[in-house]
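Thanks for making time this morning. I would like to walk you through one chain, a few residues at a time, and I will put the structure up now.

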Amino acid sequence: MKMRRNAGLVIREDPSGGPLPIHAVPGLYPELVRELPIGVVLLLLEDPSDAETFKIVDANRAAAEITRSDSQSLLGKRLADFPMLLKTQIPGQLLATLRAGHARDLGEVSYRDDHGREGIYSVRAFSLSNNCLGVAFEDVTDRKHMERILRDSEERLRLLIEDVQEYAIFQLDPDGNVVSWNAGAQRLKGYDSTEIIGKHFSVFYPQEDLSNDKPREILARAAQFGQTQDEGWRIRKDGSRFWANVVVTALRDPKGNLLGFAKLTRDVTEKREEAEALTKANELLELRVAQRTAVLTRVNWRCARKSRNVNA
């Protein structure tokens, strides 16, 4: 039987080129376990009534790397040799797994070794025959740390958005139904969260926009281009209108699937009125200038005519 190495594993080949005989397949498993990226140890329980007598009889490369040791130094050690581990629930859980006779997920365990190195480990145990137990574990410290940072960041962002009073910031599902509502949205539009969540956002649009299917068009543009902006009249709960500046952003998962939309709305009614007032003032000023210019032109023309008559 030939042997070849593929991605670190020694693969036995049948010289005939056919599939391996069934009796040769089990020989591959020790090599597979040895190269796994997660730590795997084989424990033998010497005293069935004492979890501290679980002894390491085999360990793969990843187990040595995770524990910052080498496989040979791990062999022969018992749980009693790991006093910090004895303070966790792991010994009792290992004994219960062996007695139950099936695999168990032991969850995530915080553990500080004898050198003060602290980490979080995901542990799963497998009951084997002859008082043996397989234990697979993975160091998830960095992942849990990043998850905590992300969770804290999301929580800070959530609190910030909820407390913003100047802007209505809320989310829609892919169909346009409201799924979140901040304090600014309540102040601007008049609905509290219990009244509006679950309703379609088209309730904020006047009838003329509904007749033109404007809400659907806005979501379609955001879905197509990623973001769209719009200005126009919007309706409050009490029926009053305000002029709104709106930004709608499509929210997608890493695969590009549409999750919904984020919508930011500002009340710019005063700015619009100021702009209209300024425009009217400029128009009035231009009209007055034109009128005075016309008057001066007529006066100058009359003066020039009189002057010509006198000289004649």
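Valine 41, in this predicted model, counts as buried because its relative accessibility is 9%, and the residue lies in strand S3. If we leave aside the neighbours within four places in sequence, valine 41 is in contact with Ile56, Asp58, Ala59, Ala63, Leu133, Gly134, Val135 and Phe137. Valine 41 and alanine 64 are 23 residues apart in sequence, and their C-alpha atoms are 9.4 Å apart in space.

Let me set that residue beside leucine 128, which has its place in the loop between S6 and S7. Is leucine 128 buried or partly exposed? Its relative accessible area is 42%, so leucine 128 counts as partly exposed. Not counting residues up to four places away in sequence, leucine 128 touches Leu42, Leu98, Leu133 and Gly134. With leucine 42 the separation along the chain is 86 residues, while the two C-alpha atoms are separated by 9.3 Å.

The loop between S6 and S7 also holds asparagine 130, which is exposed because its relative accessible area is 66%. Most residues other than glycine have a negative phi. Asparagine 130, although not a glycine, has a positive phi of about 60 degrees. Another residue to look at in this respect is arginine 68, in the loop between H2 and helix H3, residues 71-74, where phi is near 55 degrees, again a positive value in a residue other than glycine.

One of the contacts of leucine 128 was Leu98, and that takes us to helix H5. Which residues are buried in H5? They are Ile90, Pro91, Gln93, Leu94, Leu95, Thr97 and Leu98. An α-helix has 3.6 residues a turn, so residues three or four places apart point the same way. What covers the buried residues of H5 includes S3, strand S4 (54-59), helix H4 (83-86), S5, S6 and S7. Just after H5 comes glycine 101, with a positive phi of about 80 degrees.

Several of these elements come up again when we turn to the largest pocket, in which about 690 Å³ of space lies. The pocket is lined by 26 residues, and the closest to its centre are Thr67, Phe82, Leu85, Tyr111 and Phe137. Phe137 we have already met as a contact of valine 41. At least two residues of the lining are supplied by each of strand S3 (39-45), helix H2 (61-66), helix H5 (90-100), strand S5 (104-112), strand S6 (118-127) and strand S7 (132-139). By kind, the lining residues divide into 17 nonpolar, three polar and six charged.

Now to the aromatic rings. How many aromatic pairs does a search of the whole structure find? The search finds six. In one of them, phenylalanine 201 and tyrosine 205 have ring centres 5.5 Å apart and planes at 90 degrees, and the pair is edge-to-face because that angle is over 60 degrees. Phenylalanine 201 counts as buried, at 0% relative accessibility, and tyrosine 205 is buried too, with a relative accessible area of 3%.

Tryptophan 233 and tryptophan 243 also make an edge-to-face pair, since their ring centres lie 5.1 Å apart and their planes stand at 85 degrees. Tryptophan 233 is in strand S9, residues 227-235, and tryptophan 243 is in strand S10, residues 241-252, so this pair ties together parts that are ten residues apart in sequence. As for burial, tryptophan 233 counts as partly exposed at 28% relative accessibility, whereas tryptophan 243, with a relative accessible area of 16%, is buried.

Elsewhere, ring pairs link Phe170, Trp181, Tyr191 and Phe204 into a cluster. The ring of phenylalanine 204 has a further partner, in that the charged end of lysine 189 sits over this ring, 4.1 Å from its centre.

Let me finish with the chain as a whole, which has eleven helices and eleven strands. Of its 312 residues, 29% are buried, and among contacts between residues at least 6 apart in sequence, 38% join residues at least 24 apart.

Terms used. Residues are numbered from 1 along each chain as its sequence is written. This is a predicted model: local features need pLDDT of at least 70, side-chain atom pairs count only at pLDDT 80 or more; totals for chains, interfaces and linings use all residues. Side-chain values use heavy atoms; hydrogens and water are left out. Rings of Phe, Tyr and Trp (its six-membered ring) pair if their centres lie within 6.5 Å; planes under 30 degrees apart count as stacked, over 60 as edge-to-face and the rest as tilted. Buried means under 20% relative accessible area, exposed over 50%, partly exposed in between (1.4 Å probe, protein chains only). Helices (H or I, at least four residues) and strands (E, at least two) are DSSP runs, numbered from the N terminus. A charge sits over a ring if NZ of Lys or CZ of Arg is within 6 Å of the ring centre and within 35 degrees of the ring normal. On a 1 Å grid over the protein atoms alone, a cavity is a set of points where a 1.4 Å probe fits but cannot get out, and a pocket is an open set with protein on both sides within 12 Å along at least five of seven lines; lining residues have an atom within 4 Å of a point. Grid points are joined across faces, edges and corners, and a volume is the space filled by probe spheres set on the points. Ala, Val, Leu, Ile, Met, Phe, Trp, Tyr, Cys and Pro count as nonpolar, Asp, Glu, Lys and Arg as charged, and the others, Gly among them, as polar. Contact means heavy atoms within 4.5 Å.
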